[in-house]
Every structure is written in C-alpha cells, then in structure tokens.
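Visitor: Could we take a close look at just one part of this protein? I'd like to hear about the empty space inside.

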Amino acid sequence: MEKLKIFAPATVANLSCGFDVLGCCLENVGDEMIIRKNELKRIRITKILGQDLPMETEMNVAGVSAIALLQKLKSNQGFDIEITKNIKAGSGIGSSAASSAGAVFAINKLLDEPFTPHQLIPFAMEGERLASGNPHADNVAPALLGGFTLVKSYDPLEVLRLPSLPELRVVVLHPLIELKTKDSRAVIRQNVSLKSAISQWGNLGALVSALYTDDYALMGRSLVDEIVEPMRSILIPFFHELKQVAMENGALGFGISGSGPSVYAMCRGEKAAEKVKEALQEFYQQKEIDFDLHLSKINTTGIKII
C-alpha cells in the first residue's frame with residue numbers, strides 16, 4: 001500500500017476515578033487522516049482542515065509521533081500526512097491523541113505492521129508530550145486499542161484492555177471555550193489526603209469490576225472523583241448544575257472528560273442517553289452558551305481504515 005485513509009476516534013479519559021490511567025473510545029466522533037508514502041525521506045504535514053494547527057512537523061503532534069516511530073525502526077521512509085480535524089483542539093475529548101494515534105497506526109500499517117497496537121502507544125505518547133508537556137496514555141491507548149483501557153503503570157509502560165458493556169452510551173457536552181491541558185493541569189494540587197486516595201482507589205477498582213461483571217449500577221456508583229474534579233470543575237460553566245441535570249434524568253454517572261471543558265454522562269441504553277442529551281441541551285440553551293453535543297456508543301475497535 002502507498003496510502004491509507006483512517007478514522008481516528010475521540011476518547012474520554014480519566015472517567016472520574018481514573019486520572020491519567022483510565023479511558024474509553026467513542027464511535028461516531030473523530031478525525032479523518034490520509035497518510036501517503038513519499039520519496040523525500042521525511043515526514044511532512046501537507047494539509048490540515050478544520051483547525052488552525054501547526055504545519056511544521058516538529059510542532060505537530062502527528063509529526064512528532066511519526067518521527068518517534070520511524071526513529072525506533074531506523075527507517076528513512078518518508079510520509080505525507082493530511083488531517084481533517086473534527087475534534088476541536090482543547091475540547092477534552094482527545095484531539096491531540098486522535099492525531100498522534102492515527103499517524104502511528106497508519107504508518108505502521110503502511111510498513112506491514114512491525115509493531116503491535118500496544119507497542120504503538122509510546123510513540124503516540126510523544127504527541128501528548130508535545131501537546132501538554134506530559135506523555136500520558138489515557139487517550140491514545142483507547143484510540144489504538146478500542147473500548148476501555150487502564151494504564152497499570154508508566155514505568156515500565158503497561159496498558160490493559162478492559163471489557164465494555166454493550167448497552168453503554170456516552171453523552172458528551174463540549175462548551176465552546178478552549179481549555180488547554182497545560183492550564184487545566186496547573187490547577188491540580190500535587191498532594192492529596194490519604195482519605196481521598198483510599199476513596200479513589202476503591203472507586204477505580206469497583207469500576208474495573210463492574211466492566212467484568214456487567215454491573216451497570218456498580219459502574220454508576222464508581223464514577224466519582226474526589227481528587228481532581230473539585231479543582232477542575234470551577235473552569236467549566238455551570239458544571240454542578242449540569243451534573244445535577246444529568247443525574248436527575250437518569251445518567252449512571254457524570255464527570256469531566258479529560259482535562260475539560262467537555263463533560264460526559266455515562267448512560268445505560270439509547271433511550272436513557274437521548275433523555276440526558278435533551279436535558280443537557282435544554283439547560284445550556286437557556287444559559288445561552290454555545291456548545292457541541294455528541295451521543296456515542298463505545299467504540300470497541302479503535303482507529304478504523306475507511
């Protein structure tokens with residue numbers, strides 16, 4: 001193959017109780033990318049549609065991820081990368097991760113797959129390092145592996161793929177304000193109380209159990225964040241009111257998607273998700289705040305060739 005066109009999905013990271021370690025992949029929200037081999041022995045970003053992002057290879061998350069992969073292979077094969085951005089930068093649903101993961105996925109395919117999907121994660125993390133200053137894997141892992149993923153450790157890197165629940169639906173509301181990951185990380189305290197840590201460990205363990213036992217109610221009770229949400233929620237307009245609206249209309253759980261400003265509501269079934277979506281939409285329309293709104297199944301396969 002000389003070129004590949006892919007769909008690089010959006011992701012929801014943290015999922016309340018899993019800061020920097022937990023994430024899931026969305027099905028119908030994402031970017032499109034075209035990657036072609038070139039004879040120039042270098043990576044070029046040749047086109048970006050939909051967002052004003054750097055065209056310089058070393059300043060673009062797709063570019064630096066691709067470079068990391070080729071350096072590991074000691075390959076001088078060149079590639080041209082075109083990106084159609086449907087995920088807004090700074091939205092909190094894995095915009096940089098989609099580009100980073102998409103680039104390494106496609107290049108790996110065009111080179112006859114020298115790496116497994118798990119082995120691609122560190123290369124995509126280099127894009128996250130450029131975007132936020134922190135090479136986290138909680139967005140790129142679900143984008144590459146699909147479904148739910150858990151980062152068991154960063155050093156050494158160990159990522160586990162978790163099962164999903166078939167009736168899960170995710171409603172994502174994105175207030176149209178830009179909140180950079182670097183800025184959102186700046187409000188987080190570096191030390192937490194033992195009481196809060198114990199609560200967070202319990203919720204994370206229970207959430208993993210819920211995914212393995214098809215226990216939707218337990219999952220809902222586990223989507224609680226006592227550590228990061230209290231600090232980041234002040235950056236999101238009417239966060240607590242949105243949470244109340246979602247829960248009163250039947251959401252299993254509600255929280256901040258990634259670093260925000262997007263928020264997510266986890267729901268059981270399409271009917272319940274539609275009700276939550278309509279309620280959140282009505283609330284924000286009354287507040288006269290511009291927003292995007294998505295309803296998605298869990299994408300269990302990750303990046304797709306189209």
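Visitor: How much space lies in the largest cavity?

Guide: About 70 Å³. Before we go in, remember that this is a predicted model, where local features need pLDDT of at least 70, side-chain atom pairs count only at pLDDT 80 or more, and totals for chains, interfaces and linings use all residues. Residues are numbered from 1 along each chain as its sequence is written, and side-chain values use heavy atoms, with hydrogens and water left out.

Rolling a probe the size of a water molecule over the atoms shows where empty space is left. Here, a cavity is a set of points, on a 1 Å grid over the protein atoms alone, where a 1.4 Å probe fits but cannot get out. Points are joined across faces, edges and corners, and the volume is the space filled by probe spheres set on them. Going by that rule, you get 1 cavity of 30 Å³ or more.

So who lines the largest cavity? Lining residues have an atom within 4 Å of a point, and here they are Asn14, Ser16, Phe19, Asp225, Val228, Glu229, Arg232, Ile256 and Gly258. It's a mixed bunch: 3 nonpolar, 3 polar and 3 charged. For that split, Ala, Val, Leu, Ile, Met, Phe, Trp, Tyr, Cys and Pro count as nonpolar, Asp, Glu, Lys and Arg as charged, and the others, Gly among them, as polar.

Definitions and conventions
On a 1 Å grid over the protein atoms alone, a cavity is a set of points where a 1.4 Å probe fits but cannot get out, and a pocket is an open set with protein on both sides within 12 Å along at least five of seven lines; lining residues have an atom within 4 Å of a point.
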